[in-house]
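Morning, everyone. Please pull up the model on your screens, and we'll walk through it together.

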Amino acid sequence: MTFTTLGLSDSLLRSVAHTGYTTPTPIQAQAIPAVLSGGDVMAAAQTGTGKTAGFVLPMLQQLGANARAKPGRARALILTPTRELAAQVHQSILTYGKNERLTSAVVFGGVNITPQLRALRRGVDLLVATPGRLLDLYQQKAVRFDDLELLVLDEADRMLDMGFITDIRRILKLIPQRRQNLMFSATFSREIRQLAGTICKNPIEIDVSPRNLTVEAISQKLYWVEKERKARLLCDLVQDTHEQVLVFARTKHGADKLVKRLGKNSISASAIHSNKTQAQRTRVLDNFKKNKIQVLVATDIAARGIDIELLPVVVNYDLPHAPGDYIHRIGRTGRAGASGQAISFVTRDEKKQLRAIESLIKRNIECLNTKH
């Protein structure tokens, strides 16, 4: 199968060809025709499966056939849980929409609101937003949704995890009832189905199983380690490799503390978390992508939108509380068919979390030591 069989316009096919992609991923092959059909779509797909293009491409086509946005209006709204994901989705719109006569904007907190106000007052065809900043802009009368044709909830499961449900409900009351709805989530949990029931009407369901597809390509190992020995163990592991490493810490304070400890051992490292400004987060991520730093220490919320090609090693310095977050974390490596390595540090008081993770991935994680 190629992109030419999915019903996309010639101008969009040229944009896709320019990126070098020829074969759609499973989510793209199913989602693109489903969205083009005009009906609601509910899709389960992990990060790194190409899902963004799966909704951006058909949206550009749907909107391209109709009139342009009026001043102060948006014709399509894409809600994302994090600033990083919002920026990533908007970049995808710019990449695939370069041959279309459509306008777009991205709005999120942590940056100057004035340029966002200006962009919205001109009117945009596609608006990518985080819920909080969108509501701020609406209250400032920068945007109205009378002409909204399309609504996308990207990473809906993460939105629920981060407590955005109240904001989402407020936004739903502001937009027209007649619209096309697209919902993308890593899982079809009971909570996601409940949310979908209030948003989608008879949606086409797409599930690119198996759920642990990304996990299969990843070598997973663990160390039993005393809490106070974790930092030393991490320094030893990093110094034994020339590879770049993404490290997950549970707290912002813990992430910053770890960066200082790595620095004392002459290891270049930076942290990314929600206390950093958007400019700081962008700069750190850019430095990591350019191989200027070896270790990126992140909290779960900040790491959700990170898209890094060929990341070889992920370390769970602290195990996540939610076992599903383990899959999201290690899914940062082993992307697009590449192999990857995931190493977890487990303390005695994290046994319960480990059992929950092993139950979810349906395998025991190999232990590299008996005690540490």
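Which helices each supply at least two residues of the lining of the second largest pocket? They are α11, residues 230-239, and α12, residues 252-264. Keep in mind that this is a predicted model.

Let's stay with that pocket. About 460 Å³ of space lies in the second largest pocket. Its lining has 18 residues. Closest to the centre are K227, K230, K257, Y317 and D318. Which helix gives the largest share of the lining? That is α12, with five residues. Now the classes. Ten of the lining residues are charged, five are polar and three are nonpolar.

Next, the two helices themselves. A quick reminder first. Two packed helices are described by the angle between their axes and the distance between the axes. For α11 and α12, the axes come within 10 Å. They cross at roughly 50°. That angle makes α11 oblique to α12. Is the crossing left-handed or right-handed? For α11 and α12, it is right-handed. On the α11 side, the contact is made by A231, R232, L234 and C235. On the α12 side, look for L258, R261 and L262. By class, the contact of α11 with α12 has five nonpolar residues, two charged and no polar ones. So α12 appears twice in our story: it lines the pocket, and it meets α11.

Now move to another pair, α3 and α4. Helix α3 covers residues 51-64, and helix α4 covers residues 83-96. Their axes come within 10 Å and cross at roughly 50°. The two helices are therefore oblique to each other. The crossing of α3 with α4 is right-handed. Which residues meet here? From α3, they are T52, A53, F55, V56, L57 and L60. From α4, they are V89, S92, I93 and Y96. Eight residues of this contact are nonpolar and two are polar. Charged residues are absent from the contact of α3 with α4.

One more pair: α6 and α8. Helix α6 is residues 131-139, and helix α8 is residues 165-174. At what angle do their axes cross? The answer is roughly 40°, with the axes coming within 10 Å. Again, the helices are oblique to each other, and the reason is that angle. The crossing of α6 and α8 is left-handed. On α6, find P131, G132, L134, L135, Y138 and Q139. They meet D167, R170, I171 and L174 on α8. This contact divides into six nonpolar, two polar and two charged residues.

To recap the handedness: α11 with α12 is right-handed, α3 with α4 is right-handed, and α6 with α8 is left-handed. And the pocket lining holds ten charged residues. Thanks, everyone.

How values were computed
Residues numbered from 1 in each chain as written. Predicted model: local features only at pLDDT ≥ 70, side-chain atom pairs only at ≥ 80, totals over all residues. Heavy atoms only, no water. Axes fitted to C-alpha atoms, helices over the stretch in contact; angles between N-to-C directions. Helix = DSSP H or I, 4+ residues; strand = E, 2+ residues; numbered from the N terminus. Parallel < 35°, antiparallel > 145°, perpendicular 65-115°, else oblique. Left-handed = near helix turned anticlockwise from the far one by under 90°. Contact = heavy atoms within 4.5 Å. Nonpolar A, V, L, I, M, F, W, Y, C, P; charged D, E, K, R; others polar. 1 Å grid on protein atoms, 1.4 Å probe; cavity = no way out; pocket = protein on both sides within 12 Å on 5 of 7 lines; lining within 4 Å. Points joined across faces, edges and corners; volume = space filled by probe spheres on them.
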